[in-house]
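Got a minute to walk through a model before you head back to the bench? Have a look at the structure first, and then we'll go through it piece by piece.

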Amino acid sequence: MRLEQMRYVLEIEKTHSISAAATNLFVTPSTISESIKKLEDELNMMLFIRSKQGMTLTPEGEKVVAECKKISDHINNIYQLSIVHAHR
(Lines give C-alpha, C1' and ligand atoms only; values in the text may rest on other atoms or scores of the structure.)
Protein backbone atom coordinates (compact mmCIF):
# COMPACT_ATOMS: atom_id res chain seq x y z
CA MET A 1 0.00 0.00 0.00
CA ARG A 2 1.27 3.43 -0.94
CA LEU A 3 0.46 6.52 1.10
CA GLU A 4 -1.60 7.97 -1.73
CA GLN A 5 -3.73 4.81 -1.76
CA MET A 6 -4.21 5.18 1.98
CA ARG A 7 -5.40 8.76 1.48
CA TYR A 8 -7.81 7.61 -1.23
CA VAL A 9 -9.24 4.87 0.99
CA LEU A 10 -9.73 7.27 3.89
CA GLU A 11 -11.36 9.92 1.71
CA ILE A 12 -13.74 7.42 0.08
CA GLU A 13 -14.65 6.13 3.53
CA LYS A 14 -15.44 9.70 4.57
CA THR A 15 -17.36 10.77 1.44
CA HIS A 16 -18.78 7.39 0.27
CA SER A 17 -17.94 8.52 -3.25
CA ILE A 18 -15.02 8.22 -5.64
CA SER A 19 -16.09 11.46 -7.38
CA ALA A 20 -16.27 13.43 -4.13
CA ALA A 21 -12.98 11.95 -2.93
CA ALA A 22 -11.34 12.89 -6.24
CA THR A 23 -12.63 16.45 -5.98
CA ASN A 24 -11.41 16.79 -2.39
CA LEU A 25 -7.98 15.36 -3.24
CA PHE A 26 -7.58 17.23 -6.57
CA VAL A 27 -7.21 14.09 -8.71
CA THR A 28 -9.44 12.46 -11.30
CA PRO A 29 -12.01 9.83 -10.35
CA SER A 30 -10.28 7.38 -12.70
CA THR A 31 -7.00 7.89 -10.82
CA ILE A 32 -8.66 6.92 -7.55
CA SER A 33 -10.66 4.08 -9.09
CA GLU A 34 -7.60 2.53 -10.72
CA SER A 35 -5.52 2.94 -7.58
CA ILE A 36 -8.16 1.30 -5.37
CA LYS A 37 -8.54 -1.57 -7.83
CA LYS A 38 -4.76 -2.14 -7.77
CA LEU A 39 -4.77 -2.03 -3.97
CA GLU A 40 -7.64 -4.52 -3.76
CA ASP A 41 -5.75 -6.82 -6.15
CA GLU A 42 -2.56 -6.42 -4.11
CA LEU A 43 -4.34 -7.20 -0.84
CA ASN A 44 -6.49 -9.88 -2.47
CA MET A 45 -9.64 -8.46 -0.86
CA MET A 46 -12.47 -6.10 -1.69
CA LEU A 47 -12.39 -2.97 0.43
CA PHE A 48 -15.59 -1.34 -0.85
CA ILE A 49 -18.99 -2.38 -2.08
CA ARG A 50 -19.85 -0.20 -5.04
CA SER A 51 -23.49 0.72 -5.63
CA LYS A 52 -25.59 3.55 -7.03
CA GLN A 53 -26.00 4.77 -3.44
CA GLY A 54 -22.23 5.11 -3.09
CA MET A 55 -19.27 3.25 -1.70
CA THR A 56 -19.53 1.33 1.56
CA LEU A 57 -16.83 -0.61 3.32
CA THR A 58 -16.71 -4.37 3.38
CA PRO A 59 -15.87 -5.95 6.77
CA GLU A 60 -12.28 -6.31 5.54
CA GLY A 61 -12.34 -2.70 4.37
CA GLU A 62 -13.39 -1.57 7.84
CA LYS A 63 -10.31 -3.27 9.30
CA VAL A 64 -8.04 -1.71 6.67
CA VAL A 65 -9.52 1.75 7.31
CA ALA A 66 -8.97 1.36 11.06
CA GLU A 67 -5.28 0.63 10.42
CA CYS A 68 -5.01 3.44 7.86
CA LYS A 69 -6.38 5.88 10.43
CA LYS A 70 -3.69 4.79 12.90
CA ILE A 71 -0.99 5.29 10.28
CA SER A 72 -2.42 8.69 9.33
CA ASP A 73 -2.38 9.72 12.99
CA HIS A 74 1.28 8.68 13.28
CA ILE A 75 2.19 10.64 10.15
CA ASN A 76 0.41 13.71 11.52
CA ASN A 77 2.32 13.31 14.80
CA ILE A 78 5.60 13.31 12.88
CA TYR A 79 4.63 16.53 11.12
CA GLN A 80 3.72 18.08 14.47
CA LEU A 81 7.23 17.22 15.71
CA SER A 82 8.71 19.06 12.77
CA ILE A 83 6.56 22.12 13.50
CA VAL A 84 7.65 22.15 17.13
CA HIS A 85 11.29 21.73 16.10
CA ALA A 86 11.04 24.60 13.60
CA HIS A 87 9.89 26.98 16.33
CA ARG A 88 12.92 26.43 18.54
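What follows is a tour of the salt bridges, a helix, a pocket and a pair of unusual backbone angles.

A word on where this comes from: the model is predicted, so take what follows as computed from that prediction.

**Salt bridges**

Let's start with the charged side chains. The structure holds six salt bridges, and three of them are laid out here.

| Pair | N to O distance |
|---|---|
| Arg2 and Glu4 | 2.4 Å |
| Glu11 and Lys14 | 3.4 Å |
| Lys37 and Asp41 | 2.9 Å |

Take the pair Arg2 and Glu4. Glu4 comes out as partly exposed because its relative accessibility is 34%, which falls between the 20% and 50% cut-offs. Arg2 is also partly exposed, at 44%.

The other two pairs each sit inside a helix. Glu11 and Lys14 belong to α1, which runs over residues 3-15, and they are three residues apart, or about one turn. Lys37 and Asp41 belong to α3 (residues 29-43), with a spacing of four residues, again about one turn. Why does that spacing suit a pairing of side chains? An α-helix has 3.6 residues a turn, so residues three or four places apart point the same way.

As for how much of each is open to the outside, Lys37 is partly exposed at 45%, and Asp41 is partly exposed at 47%. In the α1 pair, Lys14 is exposed at 57%, while Glu11 is buried at 10%.

**Glu11 and its helix**

So what does Glu11 touch, leaving aside residues up to four places away in sequence? The contacts are His16, Ala21, Asn24 and Leu25. Glu11 counts as buried because its relative accessible area of 10% is under the 20% cut-off. It has company in α1, where the buried residues are Gln5, Met6, Tyr8, Val9, Leu10, Glu11 and Ile12.

The helix itself passes a simple length check. With 13 residues at 1.5 Å a residue, α1 should span 18 Å, and its end C-alpha atoms are 18 Å apart, so the two values agree.

**The largest pocket**

Helix α1 turns up again here. The largest pocket holds about 240 Å³ of space. It is lined by 13 residues, and the closest to its centre are Met6, Arg7, Leu10, Ser72 and Asn76. Which helix gives the most to this lining? That is α1, with seven residues. Both α1 and α4 (59-86) supply at least two residues each. By type, the lining divides into six nonpolar, two polar and five charged residues.

**Two positive phi angles**

Now for the backbone. Most residues other than glycine have a negative phi, and most peptide bonds are trans. Two residues go the other way on phi. His16, one of the contacts of Glu11, has a positive phi near 65°. His16 comes just after α1, in the loop that leads to α2 (18-25). At 41% relative accessibility, His16 is partly exposed.

Where is Asn44 found? Asn44 lies in the loop between α3 and β1 (48-51), and its phi is also positive, near 60°. Asn44 counts as exposed because its relative accessibility of 70% is over the 50% cut-off.

How values were computed. Residues are numbered from 1 along each chain as its sequence is written. This is a predicted model: local features need pLDDT of at least 70, side-chain atom pairs count only at pLDDT 80 or more; totals for chains, interfaces and linings use all residues. Side-chain values use heavy atoms; hydrogens and water are left out. A salt bridge is a side-chain nitrogen of Lys or Arg within 4 Å of a carboxyl oxygen of Asp or Glu. Buried means under 20% relative accessible area, exposed over 50%, partly exposed in between (1.4 Å probe, protein chains only). On a 1 Å grid over the protein atoms alone, a cavity is a set of points where a 1.4 Å probe fits but cannot get out, and a pocket is an open set with protein on both sides within 12 Å along at least five of seven lines; lining residues have an atom within 4 Å of a point. Grid points are joined across faces, edges and corners, and a volume is the space filled by probe spheres set on the points. Ala, Val, Leu, Ile, Met, Phe, Trp, Tyr, Cys and Pro count as nonpolar, Asp, Glu, Lys and Arg as charged, and the others, Gly among them, as polar. Contact means heavy atoms within 4.5 Å. The expected span of a helix is 1.5 Å times one less than its number of residues.
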